[in-house]
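Take a look at the structure below. This report walks through a sheet, a helix and a single residue.

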Amino acid sequence: MDTTTSSLIGHYLSFLRSQRKLSPHTLDNYGRDLQELRALLAPAGDAQADVDLPRTTQAQIRKCAARLHARGLDARSIARKLSAWRGFFDWMSQEVALTANPVEGVKSPKKSKPLPKALATDDAVRLVSQGDPARDPDSTLAACNRAMFELLYSSGLRVSELVGIDVADVREHGHESAGWIDIAEAEVTVTGKGGKKRKVPVGQAALQAITAWLPLRAGLVKADGGADAHALFLSERGTRMSPRVTQLRLKAHGRALEMAGDVHPHMLRHSFASHVLQSSGDLRAVQEMLGHASISATQVYTALDFQRLAQVYDQAHPRARKGGGK
């Protein structure tokens, strides 16, 4: 077989078309990926030069992947190209003598985890403190929402932890509270991941919202409500609030306040962590309050904090802005 670069790529694409029955769009993608490999392996300044593909080494493939990464290509795209190259060399090994597939063992860069989205302090406070302008602020639903949203932000709870909270620590008739509120001590006990219980402080704004909610909650409790009768947060049917309903209520509330983007309970947890860390700098304390088993899970908020500091710097420092000092 002719082992020139163009011939090998052409034969492989013909194989994919006839044997694998790939669509023209997919074939175009494969063709671009292989031409890019050719350009990466070619001498500098001569992307169309012929290269000795059968003698390609793993070190060369690693270098190609590194160059793609340096250009800013994301990990998913690099992984896709490596997969295309790997299939090409697998096919080539059946047509010409190859010692080994040079792409085997070459991994794409790790996918960067997106930073959790946190609200600015003013936005978080507005979200949990302001009522829906289209609803009666004294209604049962409004009071319940206010108490839930304030507690989510006040204590950085997961939504599953929030809905598991009872009005007190109950251990009777087969029911054992997963969590409970202690207004006198200004703290909430919740059960986190791995069944681990923790106590978290509750701020005054959240305590006031919960205190305002409790008389209205009493009117929803059913005599035969079973375990649901102990729940701190009840639906209008008298059943324990569910994570999904909480999510939908917060999303609708954010839209009613015309907040940018959709808001969700975990965003308030992220906001709690970021804002406490910004004020205190105490990573260990934030770890304990969030219930993270490892400090590494909490360290992501240091990146959020740095982002905020960087934005302040860019806006405030006279030498940070482009063209500054001219």
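## The sheet

In which sense do β1 and strand β4 pair, and over how many bridges? They pair in the parallel sense, over two bridges. Strand β4 covers residues 179-182. Here I165 stands opposite G179 in β4. Keep in mind that this is a predicted model.

Now take in the whole sheet. It is open and has four strands. Their order is β1-β4-β5-β6, and the pairing is mixed. The edge strands are β1 (165-166) and β6 (197-201). Each of these two pairs on one side only.

## The antiparallel pairs

Move along the sheet to β4 and β5. They pair in the antiparallel sense over three bridges. I181 has V188 in β5 as its bridge partner. The two strands form a hairpin, with four residues between them. Look at A186 in the turn: its phi is positive, about 55 degrees.

Next comes the pair of β5 and β6. Strand β5 spans residues 187-191. Its pairing with β6 is antiparallel too, over five bridges. One residue pair to find on screen is T189 and its bridge partner in β6, K199.

## Helix α2

Turn to helix α2, residues 24-41. How far does α2 reach from its first C-alpha to its last? The helix has 18 residues and reaches 26 Å. That is close to the 26 Å expected at 1.5 Å a residue.

Which residues of α2 are buried? They are L27, Y30, G31, D33, L34, L37, R38, L40 and L41. An α-helix has 3.6 residues a turn, so residues three or four places apart point the same way. Trace that spacing through the buried set: L27, Y30, L34, L37 and L41 are among them. The buried residues of α2 pack against three helices: α1 (5-18), α3 (58-70) and α4 (75-93).

## Residue L207

Finish with one residue. L207 lies in helix α8, which runs over residues 204-218. Is L207 buried or exposed? L207 counts as buried because its relative accessibility is 6%, and the cut-off for buried is under 20%.

What does L207 touch, leaving aside its neighbours within four places in sequence? L207 is in contact with I183, A186 and V202. A186 has appeared already, in the turn of the β4 and β5 hairpin. L151 makes another useful marker. L207 and L151 are 56 residues apart in sequence. In space they are 8.0 Å apart, C-alpha to C-alpha.

Methods:
Residues are numbered from 1 along each chain as its sequence is written. This is a predicted model: local features need pLDDT of at least 70, side-chain atom pairs count only at pLDDT 80 or more; totals for chains, interfaces and linings use all residues. Side-chain values use heavy atoms; hydrogens and water are left out. Buried means under 20% relative accessible area, exposed over 50%, partly exposed in between (1.4 Å probe, protein chains only). Contact means heavy atoms within 4.5 Å. Two strands pair if DSSP finds at least two bridges between them. The expected span of a helix is 1.5 Å times one less than its number of residues.
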